[in-house]
Amino acid sequence: MTEMAQSKAAKAYTGNPENNLTEWEFLALNSELNIADGHARQELTPGQTKIIDELPLLFAEGERRPVEEIERECHRTYFQLLGQHSYPSAPGRVLSCYSSSVAMEILSRALATRMETVALVHPTFDNIADLLRGNSLRLVPLAEDPLHGQDLDDRLLGSVGCVFVTTPNNPTGRVITQERLRRIAEQCAEHDVVLALDTSFRGFDPRAHYDHYAVLQETGCRWAVIEDTGKLWPTLDLKLGMLAFSENLDLPVEKIYSDILLGVSPMILALARRFAEDAAGGGLGELHRFIDGNRELVRAELSGIPGITFPDPDSRVSVERVHLGDRPSVEVWAALRERNVYALPCRAFHWDAPDEGANMLRIALARSTDPLSRSVKALRLVLERL
Ligand SMILES: Cc1ncc(COP(=O)(O)O)c(C=O)c1O
């Protein structure tokens, strides 16, 4: 562990309410009962196990074939799996990155060359806000209800250079419908505002499988989309993020990409392609049923506890928020930690108003059912006493 990581861990160990989400997640990494981070950690399915058994073949393929070919196949299989048939397939229009955070950093740096202010969905995963702010961009919160319900305010659109939306959102699971995406994109086109989407969780929710790229291209707006294989499959963080962008984006994303990386390993591209093929052959439906089952387990195990509610009844993503009534999430976190269970307090998702998340915990559902069940039973005991 580096010195910086050690001091971060020490600070987080005290349950500091100011921790960012990754600092909380960091603490959970070595626990068997880690229900904190949103990475996929469930057991491999038999189909996936077969792919992992063939890793040496994927390595050999990476050595043998031109990386451009493997990358093209990986992109095609991934985008088609999730209904994104109009993704930009011309060479160089989808930039493969080590992770979606790297794609986000590239986009943030590019945005910062042309603008000062970004409107960002609220709440959302805090590293999106942190990376934008880290590039000196000023943020304006876009609350989810108005974002999903009505036209964006013309004055807002006149004052920002980019509208950034996470869909499906983490942690709420809310999905921008096709009609809303079209209208937001039209408004962005009218105001010459960039529309940026983070769709890292789209694989979990068929409502996010309509062809976003067709909608974006039809409106003519300037757009960028961050995609991610990292949340779906338990590949020990062997994953890639992808930054797709419109021809008219007019931001130096390719230049900034080349400042940061040459490319993603062909073995990882081949691995993601194989997982996407397996998903297309039935694995995706199996994953949806698995996450649904784990969500039901969590809701059933916590039902009937005074003050406990589930704020996202329609969510299909691989995380579930629990509203703790008047119990502060940091206290619940500390009591859980005594049982070696680590969940995620939600304050930091509310990057503009942390108190709005002070009584919520997020539970990761992409976990094997047995440790999840044990973790949630411990949570029940804690909640009954607090
Ligand atoms: C919506 C969203 N985007 C991006 C990320 C960052 O992903 P990674 O850690 O793989 O870079 C996360 C992480 O949880 C996320 O929830």
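This passage describes the domain arrangement of a predicted model and the surroundings of its ligand.

According to the domain assignment, the protein is divided into two parts, of which domain 1 is made up of the segments 3-43 and 282-385, while domain 2 covers residues 47-277. The centres of domain 1 and domain 2, taken over C-alpha atoms, are separated by 25 Å. Between these parts there is contact, in which 30 residues of domain 1 and 36 residues of domain 2 take part.

With regard to the ligand, the space that it takes up is the largest pocket. The residues found around the ligand are His39, Ser99, Ser100, Ser101, Phe125, Thr166, Asn170, Asp198, Ser200, Phe201, Lys231 and Lys239. When this shell is sorted by class, seven of its residues are polar, three are charged and two are nonpolar.

Several side chains of the shell place polar atoms at short listed distances from the ligand, as follows. For asparagine 170, a polar side-chain atom lies 2.6 Å from an oxygen atom of the ligand, and for lysine 239 the corresponding distance, also to an oxygen atom of the ligand, is 2.8 Å. In the case of aspartate 198, by contrast, the ligand atom concerned is a nitrogen, which lies 2.7 Å from a polar side-chain atom of this residue. Taken alone, the ligand exposes 400 Å², and 92% of that area is buried by the protein.

Definitions and conventions
Residues numbered from 1 in each chain as written. Predicted model: local features only at pLDDT ≥ 70, side-chain atom pairs only at ≥ 80, totals over all residues. Heavy atoms only, no water. Near = heavy atom within 4 Å. Polar contact = N/O pair within 3.5 Å; in protein donor to acceptor, adjacent residues only side chain to side chain. Areas by Shrake-Rupley, 256 points an atom, 1.4 Å probe, with all protein chains shown as cover. 1 Å grid on protein atoms, 1.4 Å probe; cavity = no way out; pocket = protein on both sides within 12 Å on 5 of 7 lines; lining within 4 Å. Sits in = over half its atoms within 2 Å of the grid points. Nonpolar A, V, L, I, M, F, W, Y, C, P; charged D, E, K, R; others polar. Domains from an automatic or database assignment. Contact = heavy atoms within 4.5 Å.
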